[in-house]
Amino acid sequence: MGDMRDANGLGAVPEVVESPALRTQSAGRLARWMLRHQVQPVKPEAGEGHTERHAWWKVMCLTGVDYFSSLAYVPAIAALAAGAVSPLATLLIVALTLLGMLPMYRRVAKESPHGAGSVAMLEDLLPFWWGKLFVLVLLGFVATSWIITITLSTADASVHVVENPFFPQALHGHEVALTVALLLVLGGVFLLGFSEAVSVAIPLVAIFLALNAVVIAVGLAHVITTPGAFSAWTDALVEGGAGFGDLMTPALLAFPLLVLGLSGFETGVSMMPLVAADGAGDEERLRSRIRNTHRLLTTAALIMSVYLLASSFVTTVLIPEDEFRPGGAANGRALAWLAHEHVGEAFGTVYDISTILILWFAGASAMAGLINIVPRYLPDYGMAPEWGRAVRPVVLVYTVLCILITIAFDADVDAQAGAYATGILAMMVSGAFAVTVSVARSGRRMVAAGFALLTLVLLYALVYNIVDKPDGITISGFFIAGIIAVSLISRVSRTTELRADRIVFDEAARRFIADTLAHDNAINIIANRRQAGDEAEYRDKEREQRGTNPVPGPADVLFLEIDVVDPSDFSEVLAVHGREVDGYRILRAEAPAAPNAIAAILLALRDTTGVKPHCYFAWAEGSPLLHMFRYFLLGRGDTAPVTREIIRKHEPDPTRRPGIHVGG
């Protein structure tokens, strides 16, 4: 193509070159629709492209379908576990919410503002492959928590359907089919998009909270007007002794069960990319999004605290103790019992319908969390296919998985409770630990001590749950093992991808390329693994390659060096820098794997200059099998044949492939 330099001598190669990977774009309308919305990796630009943003209070409603829906069952759990001291146990949860969980997740929102939650804060604690394995374990608990949230809450909605006397009796015995149908509808909502999910969540939350306010208000009126109701409760409090320890013991025993009602905080921070923000620049909008997320978390915590305390009080005072036990009419549905008994059957049925809908859609909050977190990591690690970033295919995968789990557990709420609790509490413990480490590194020792105490409290709840329901950790283990196995298989299958999001050439690198084109309208590159990096190394390397490889005698040569910085990473921006050592010109870059980076640079040079580059290597010594493992684990091996295979895979036309020459 002749001398392609502009007036500055840098016109041969642009500064930024998009990845030359051949991305096959399907012409099918369905395929384009399925892949339209993408979740971005964990980077400053993450989360800005796959959906429109909404006012913080609207996003709060989407997170609230999970958080607020726990009013349907938490008061009954508290009364069954703690009896008359249920309000005291609930008061402990409210204190934990306002003094522990809220400050903790406000910190998570500030430290991880792109929707990756506490997982992103913990990602860098361990280096290389250990760090990736650590994240995969955390994602296993995340998947356990949110997938079981979807299946359990939907199954609970089915239970409320069959237990309402006004629904057809024919539904009894068909809970699995009903739950599967509800899961399909939920998946269909998310196939339409996040905006549709937010639009559904707003009226569901508003109506549910309004109906609960009516039930609680009527309940408080009955406490005041019913002779002996309040005194009977106070008498129950002092039975068996009036000491502080006598009151606190059942409250503390019930505490781990009630912590599960705090699951909405993690979904709240995971949906930060959906929160609208104001500002002229990126930094200003980011600060605005953090402020709005703080409003979301604080408002949700205050609303829930008021409702929890009030509902726990009225249900404990007004509902006979026997009704909370298994088989009782208030078991798992205390406020629904009050709605039927004290407001009327018609209102009670309306309340049941609202409860059914919000429990069903509680899975939407978990689905949104899964969509916003898991695709940010696995495709970026090479541990899921690229379509794993697309929202709609991921929704289909999660929906199918939820259906299989529902069938496996026979839509039994109690059978899934252990896994649900284990996943949620593990997420909370990891979040509290992440915040503790973050605050400790900032030098705020007293605050760090407070978060360390919170970590211990949540760890106590997790251990208590594992001891009480050991099947939960077993199910979580299956999720973790499944994620690790699928991730490793995907990583192996994607090793020959170019693994470069884009290539950036600095001014010196662009000048070197322009100069070598001006010399002989050719690009001849010697691949070198830098040792001393001095004049003698490059002189000897050039002499060796000219002697063993078909480097044209008068050819101008450049050196190409790839420094492998973290072989556990998969793809990133490939920055190519030009360096000169005693007249020898070197192109240097850092990458997770040397062969992939070399192939990406050679293809980028071919595409931007119109000249087919030639790259010269020496044979590597040693076992090919050993080189294969070194390449997979350390990013290096027998570089030449792997580079050639990557190029062959991405360029089907042999005449257009950059030349790979190996001698010695």
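A nonpolar core is taken here as a set of buried Ala, Val, Leu, Ile, Met, Phe, Trp, Tyr and Cys residues joined through side-chain atoms within 4.5 Å. With that in hand, the packing of this predicted model can be walked through from its core outward to its aromatic pairs.

The largest nonpolar core has 143 residues, and within it L62, M101 and F361 touch the most other members. The element that gives the most to this core is helix α14, spanning residues 345-377, with 16 residues. A second core, separate from this one, holds 41 residues, including I503, F505, A509 and A640.

It is worth pausing at F361. Once neighbours within four places in sequence are set aside, F361 is in contact with L62, V65, L186, V189, A197, V200, A201 and L204. One of these partners, L62, is itself listed with F361 among the residues that touch the most other members of the largest core.

Aromatic rings offer another view of the side chains: the structure holds 12 aromatic pairs. For Y460 and Y464, the ring centres lie 6.3 Å apart and the planes meet at 55°, so this pair is tilted. Both residues sit in helix α17 (residues 445-468), and because they are four residues apart there, about one helical turn separates them. How buried or exposed are these two tyrosines, Y460 and Y464? Y460 has a relative accessibility of 37% and so counts as partly exposed; Y464, with a relative accessible area of 28%, is likewise partly exposed. Elsewhere, Y67, F68, Y105 and F265 are linked into a cluster by ring pairs.

Technical notes. Residues are numbered from 1 along each chain as its sequence is written. This is a predicted model: local features need pLDDT of at least 70, side-chain atom pairs count only at pLDDT 80 or more; totals for chains, interfaces and linings use all residues. Side-chain values use heavy atoms; hydrogens and water are left out. Buried means under 20% relative accessible area, exposed over 50%, partly exposed in between (1.4 Å probe, protein chains only). Helices (H or I, at least four residues) and strands (E, at least two) are DSSP runs, numbered from the N terminus. Contact means heavy atoms within 4.5 Å. Rings of Phe, Tyr and Trp (its six-membered ring) pair if their centres lie within 6.5 Å; planes under 30 degrees apart count as stacked, over 60 as edge-to-face and the rest as tilted.
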